[in-house]
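Me: I'm a bench biochemist meeting this model for the first time, and I'd love a close look at one part of it. Could you pick a stretch and tell me how it is built and what surrounds it?

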Amino acid sequence: MAGRKIKITTNDSDRADQRRRTEELIDKTKDLNKLQERAPKHLSGVARSTWETLVPQLNRQHMIKQIDKNIMTALCEQVSVERLAYQAIQDNGVVLDSGRKNPACQVLDSATAKVKSLAESLGLSPQARASLMNVQSDDDDESTDDIAAELVKKGDEQF
């Protein structure tokens, strides 16, 4: 059985060892380059839009770095796959004319699970965000609650 996830926090009401671990994390990663805000050349459409929406917001939180590029790229690609599968289901239905289940349903299910997992690793779920919110600097203007709304808005513009 896996133990509890490590809590990242700077809140004075949390345990001292959790605060100390968070401070060490921030200190040890302060010299790492922030993630580039321009999407990699191979990303297009929904994947590119997802990158260009999320990365600036994640950079403002100071918790995503250039070394996280592969995770962010995979997330963007899976969001694109998810959207394509959803569109295929909208176009052809859950059950095809042949009476068989649309294979896009399985693709959508798999991509959705991958998006959820990757998003959580970047702090994009409510639970993950709650553990990261105390780490961001006090001068951030934008709430992390707006990240999901921005992603949905950008996605709607693609279709």
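**Confidence, then one helix up close**

Reply: Happy to. Let's start with a caution: across residues 135-141 the pLDDT (the predictor's confidence in each residue, from 0 to 100) remains under 50, and the model has twelve contacts there beyond four places in sequence, a contact being heavy atoms within 4.5 Å. This is a predicted model, in which local features need pLDDT of at least 70, side-chain atom pairs count only at pLDDT 80 or more, and totals for chains, interfaces and linings use all residues. Residues are numbered from 1 along each chain as its sequence is written, while side-chain values use heavy atoms and leave out hydrogens and water.

Over the chain, pLDDT averages 81, and 72% of the residues reach at least 70. Confidence is highest in α3, at a mean of 97, and lowest in helix α5 (residues 126-132), at 61. The chain has six helices and zero strands; these are DSSP runs numbered from the N terminus, with helices being H or I of at least four residues and strands E of at least two. Of its 159 residues, 37% count as buried, where buried means under 20% relative accessible area, exposed over 50%, and partly exposed in between (1.4 Å probe, protein chains only). Among contacts with a separation of 6 or more, 60% join residues 24 or more positions apart.

The part I'd pick is α2. Its 16 residues should span 22 Å at 1.5 Å a residue, which agrees with the 24 Å between its end C-alpha atoms; the expected span is 1.5 Å times one less than the number of residues. The helix has a kink of about 25 degrees at Leu54, shortly before the proline Pro56. That bend is the angle between axes fitted to the seven residues ending there and the seven starting there. After α2 comes His62, with a positive phi near 65 degrees.

How much of α2 is covered? Twelve of its 16 residues are buried, so mostly covered is a fair description by the cut-off above. The buried set includes the nonpolar Val46, Trp51 and Leu54, and also Ser49, Thr50, Gln57 and Asn59.

Now for what α2 packs into. A nonpolar core here is a set of buried Ala, Val, Leu, Ile, Met, Phe, Trp, Tyr and Cys residues joined through side-chain atoms within 4.5 Å. The largest such core has 19 residues, and Trp51, Met72, Leu75 and Leu124 touch the most other members. At least two of its residues come from each of α2 (45-60), α3 (69-92) and α4 (103-121). With six residues, α2 gives this core its largest share. In general, nonpolar side chains in soluble globular proteins tend to be buried together.

Trp51 deserves a closer look. Beyond its neighbours within four places in sequence, Trp51 contacts a group that includes Leu35, Arg38, Pro40 and Leu43, then Pro56 of its own helix, and also Lys69, Met72, Thr73 and Cys76. Apart from this core lies another one, of five residues, with Ala85, Ile89, Cys105 and Leu108 among them.

The surroundings carry on into α3 and α4. Gln78 sits in α3 and is buried, at 18% relative accessible area. Setting aside residues up to four places away in sequence, Gln78 touches Ala111, Lys114, Val115 and Leu118. Ala111, in α4, is buried at 1% and, with the same neighbours set aside, touches Gln78, Val81 and Glu82. Ala111 also lies 8.6 Å from Ala85, C-alpha to C-alpha, although the two are 26 residues apart in sequence.

Between α3 and α4, the loop holds Gly93, which counts as partly exposed at 25%. Outside its neighbours within four places, Gly93 contacts Ala88 and Asn102. Its C-alpha atom is 9.3 Å from that of Cys105, twelve residues along the chain.

You may be wondering about the cysteines. Cys76, the contact of Trp51, is buried with a relative accessible area of 0%, and Cys105 is buried at 14%. Taking a disulfide as a pair of cysteine sulfur atoms within 2.5 Å, the count comes to zero.
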